[in-house]
Amino acid sequence: YFFAESKKKNRWLKKRFQRLINSILGKNCSFTNGCLSEDWKGLLTMDSTRCHTNSMLVFLSIQLSVRVPEDCKTINEAYARIEQSNGALTTIVLGPGDHVVKRSNDGKNYLKIKCPVNIVGSRDVLDKSKIVVKGGFMITANGVHVEHLTICNNSGDGVVGYSSCTLTDLMIDQCGNGVFAKNSAVLNCTNIMVSKCRYSGVCAS
């Protein structure tokens, strides 16, 4: 979009630009005088430059990932943002450290995944044992991918899959069962190491 010097033209272009942002994000966010609301500053970055027509060309760059802890403090908050984005956000990137899954009312600490999402450890951290999810994943949606991290769930299983998903380059340590496939779900596992689990490394029912 070109922001013209004419105020009337500028207002028209800004409305068009606002509609474009809303259509991409799937929800309203404010755009005023080249600034975005605080909620979306971590998601959208803007660049502007002058061109030969003496108008301003604005480039919109969309970040499709949510980083923990940079953008969200916890993995639960990051997943809530994924759900709220209606598909505009696709990936949670976990940094080094322990990422504790909040316990639900039944006392279990599963992150219940109900929409497609990629949950990956940061590629800046070569050793996946330094990216630890303290809790398990309960997957009930297709299109879920988990990669390059360690799962430790003392109160339950590492991954419980009710829907098909992919698990790549994981360490699953000190859980009940390591990977539990249910309801004929297909869990595609590549380079998975399971250790010190109380029951089975991999099981299905």
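Five strands of this predicted model come together as an open sheet, in the order β9-β12-β14-β16-β18, with parallel pairing. If you trace the sheet from one side to the other, you begin and end on strands that pair on one side only: the edges are β9, residues 110-113, and β18, residues 202-204. From one strand to its neighbour, the direction turns by 15° on average, with the sense of direction ignored. As a general reminder, the strands of a sheet are held in pairs by backbone hydrogen bonds, in either a parallel or an antiparallel arrangement.

Let's walk across part of this sheet. Starting at the edge, β9 and β12 run parallel and share four bridges. One pair to look for is L111 with its bridge partner F137 in β12. Moving on, β12 (residues 136-139) pairs with β14 (residues 159-161), again in the parallel sense, through three bridges. Here M138 has V160 of β14 as its bridge partner, and I139 is matched with G161 of β14.

Strand β12 is worth a pause. Which way do its residues point? G136 and M138 point to one side of the strand, while F137 and I139 point to the other, and all of them are buried.

A helix also belongs to this picture. Helix α2, residues 75-84, packs on the sheet and touches β9 and β12, and its direction makes about 5° with that of β9. A80 is one of the residues in α2. Is A80 buried or exposed? The answer falls in between: because its relative accessible area is 27%, A80 counts as partly exposed. You can also use A80 to gauge the spacing to the edge strand: its C-alpha atom is 9.8 Å from that of I113, although the two positions lie 33 residues apart along the chain when counted as their separation.

Just before this helix there is a backbone feature to inspect. The peptide bond joining V68 and P69 is cis, with omega at about 10°. P69 sits in the loop that runs between β6 (65-68) and α2.

Now turn to the interior. The largest nonpolar core contains 37 residues, and I92, L94, I113, I119, F137 and L149 have the most contacts inside it. A second core, separate from that one, has five residues, including M138, V160, F180 and C203. Recall that M138 and V160 are also bridge partners, and that F137 and M138 point to opposite sides of β12.

What does L94 touch, once its neighbours within four places in sequence are set aside? Its contacts are V68, I75, H99, I119, V120, G121, S122, I131, V133 and L149. Among these is V68, the residue on the other side of the cis bond from P69.

Stepping back to the chain as a whole, you will find two helices and 18 strands. Of its 205 residues, 45% are buried. Among contacts between residues at least 6 apart in sequence, 42% join residues at least 24 apart. The chain exposes about 11100 Å², and carbon and sulfur atoms supply 50% of that area.

The cysteines may catch a biochemist's eye. How many disulfides does a search of the whole structure find? It finds zero. For C165, the nearest cysteine sulfur belongs to C189 and is 7.2 Å away, and C165 is in no disulfide. C165 counts as buried because its relative accessibility is 4%. C197 is likewise in no disulfide, with the sulfur of C175 as the nearest cysteine sulfur at 4.7 Å. At 18% relative accessibility, C197 counts as buried too, because the cut-off is under 20%.

Finally, two residues deserve a look for their backbone angles. D169 is not a glycine, yet its phi is positive, at about 55°. D169 lies in strand β15, residues 165-173, and with a relative accessible area of 15% it is buried. Q174, another residue other than glycine, also has a positive phi, near 55°. Where does Q174 lie? Q174 is in the loop between β15 and β16 (179-181), and because its relative accessibility is 34%, Q174 counts as partly exposed.

Note on methods
Residues are numbered from 1 along each chain as its sequence is written. This is a predicted model: local features need pLDDT of at least 70, side-chain atom pairs count only at pLDDT 80 or more; totals for chains, interfaces and linings use all residues. Side-chain values use heavy atoms; hydrogens and water are left out. A nonpolar core is a set of buried Ala, Val, Leu, Ile, Met, Phe, Trp, Tyr and Cys residues joined through side-chain atoms within 4.5 Å. Buried means under 20% relative accessible area, exposed over 50%, partly exposed in between (1.4 Å probe, protein chains only). Contact means heavy atoms within 4.5 Å. Accessible areas come from the Shrake-Rupley method with a 1.4 Å probe; for residues, only the protein chains shown count as cover. Two strands pair if DSSP finds at least two bridges between them. Axes are lines fitted to C-alpha atoms, for helices over the stretch in contact, and angles run from 0 to 180 degrees between N-to-C directions. A disulfide is a pair of cysteine sulfur atoms within 2.5 Å.
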